[in-house]
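Reader: I have a structure to go through and would like some help with it. May I put a few short questions to you?

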Amino acid sequence: PQTILQNGVKMTNEPPKGLKSNLLGSYVSSPINDHTFFSENSNGEKWRKLLYGLCFFHALIQERRDFGPLGWNIPYGFNQSDLMISIRQLHMFLDGSKKIPYQALLYLTGECNYGGRVTDDRDRRLLRSLLQEFYNSDFLEPGHRIMSSLKYYVPDKNSYEEYLEFIRALPLSTSPELYGFHENAEITKALKETNEVWDSLLQMVDSTEMTTSSKDGEEDTSTDARIQRIAQDILSKLPRNFDTEFAQVKFPVSYENSMNTVLIQELTRFNRLLTVIRSSLNSIIKALKGEVLLSERLEKAYDSLILGRIPEMWKEKSYPSLKSLGDYIQDLSERLHFFNKWFEEGQPTSYWISGFFFAHGFLTGTLQNFARGHDTSEKVSIDMISFDFEILNQDPDQFIRINDESPDNGAY
């Protein structure tokens, strides 16, 4: 019922942060904190070491998520229930068994309990490889180093209290090398955490602004009106789509001039981007007026506009950009102006190389023009050509005004 939801409190149980805290959290949780369960097993020492290895594996795969795509291609929600069932299976297989069934344990833990969540083939392969570091006979050797680390090894302890004391003595911070990463992977982790903090702050700021402006019961109106103004402002700055059919007539495919092909390809890409931006903004305006439903993709675009970010549905058709929404629109307008001038006035004398959607196509076209511009007797293969650069000592705008013609070879 809605009244219960409104008066209820949502509680979440997230894994502890850090490998040491994760290990400690596993050992103080059920069923390991049960002294009878921990101590009563016919393979006493082997059981305790493999139990430590399983908890270490659980902490390892959870901590890898903090490294983003470096850790897992897809972030999986490994949780305490996966560890709990794996611990009970390990206890069951080892109790009363003379030979440790490693293959059965690898299959149940790696393919069923944890592997059941993994959908990516390479992630599944990684999961199995990590688990094999703990479920093997070498792991039972005295002083075995975990993942070839100098700080982490398998403890030779007997009691539950000794294991807790050993875990509490582990380092607070863990080197990325323990996870199989280069030490620079810590930068990726730090950037990810910083972005998450800023995301939360931005959402809180926006939520505060909405609450402040809703004293008269107009909680949604002020925000919706602001988004509508933003959408209309962006739409007013967007030009019409380029007429690619006319462009193909005005700039036909030519063996001697590959820039015509480059231009048509760029105009086509910008047309796709303009269509997506214009369509999404018009749909958001209609949704705010109640004329259409706000789909999930449009809702995400709405949230991005609130936070001043580029919506994901735009990024799918856009050139790479890390700019905020306002700077992105300004940059897009400048790019469109550059290509519109090319479309209207003909091939420019100098090119804005960073303004291209696909700059590599422009570079290839420049090489093709140079290779094809030679006489038939002196043909040059494009594979034999490389770029050379001349650094200018004057302002680029002044240089362009003086050199109002394209160079005989190459490009400005």
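Author: The questions below deal with a pocket, aromatic rings and cysteines in this predicted model.

Reader: Let us begin with the second largest pocket. What volume does it have?

Author: The second largest pocket has a volume of about 400 Å³. It is lined by 13 residues, and those closest to its centre are N195, D199, R309, E312 and K315.

Reader: Which helix gives the most to that lining?

Author: Helix α9 does, with three residues. Both α9, which covers 185–212, and α14, which covers 312–315, supply at least two residues each.

Reader: And how does the lining of that pocket divide by class?

Author: Five of the lining residues are charged, five are polar and three are nonpolar.

Reader: Now the aromatic rings. How many aromatic pairs are found in the whole structure?

Author: The search finds 40 aromatic pairs. One of them joins F339 and W342, whose ring centres are 6.0 Å apart. Their planes meet at 15°, so this pair is stacked.

Reader: Where do F339 and W342 sit along the chain?

Author: They belong to helix α15, residues 325–345. Because they are three residues apart in that helix, about one helical turn separates them. Both residues are buried.

Reader: What kind of pair do W342 and F356 form?

Author: W342 and F356 form an edge-to-face pair, with 6.3 Å from centre to centre and 80° between the planes. This pair links distant parts of the chain, as W342 is in helix α15 and F356 is in the loop between α15 and α16, 14 residues away. F356 is buried, as is W342.

Reader: Which charged residues lie over the faces of W72 and F343?

Author: R64 lies over the face of W72, at 5.7 Å from the ring centre. K250 lies over the face of F343, and there the distance to the ring centre is 5.6 Å.

Reader: A change of topic: how many disulfides does the structure hold?

Author: The structure holds zero disulfides.

Reader: Why is C55 without a bond to another cysteine?

Author: A disulfide is a covalent bond between the sulfur atoms of two cysteines. The closest cysteine sulfur to that of C55 is in C112, 19 Å away, which is too far for a bond. The cut-off for a disulfide is 2.5 Å between the sulfur atoms.

Reader: Are these two cysteines buried or exposed?

Author: C55 has 0% relative accessibility, so it counts as buried. C112 is partly exposed, with a relative accessible area of 36%.

Notes. Residues numbered from 1 in each chain as written. Predicted model: local features only at pLDDT ≥ 70, side-chain atom pairs only at ≥ 80, totals over all residues. Heavy atoms only, no water. 1 Å grid on protein atoms, 1.4 Å probe; cavity = no way out; pocket = protein on both sides within 12 Å on 5 of 7 lines; lining within 4 Å. Points joined across faces, edges and corners; volume = space filled by probe spheres on them. Helix = DSSP H or I, 4+ residues; strand = E, 2+ residues; numbered from the N terminus. Nonpolar A, V, L, I, M, F, W, Y, C, P; charged D, E, K, R; others polar. Phe/Tyr/Trp six-rings, centres within 6.5 Å; stacked < 30°, edge-to-face > 60°. Buried < 20%, exposed > 50% of the residue type's maximum accessible area, 1.4 Å probe, protein only. Lys NZ or Arg CZ within 6 Å of the ring centre and 35° of its normal.
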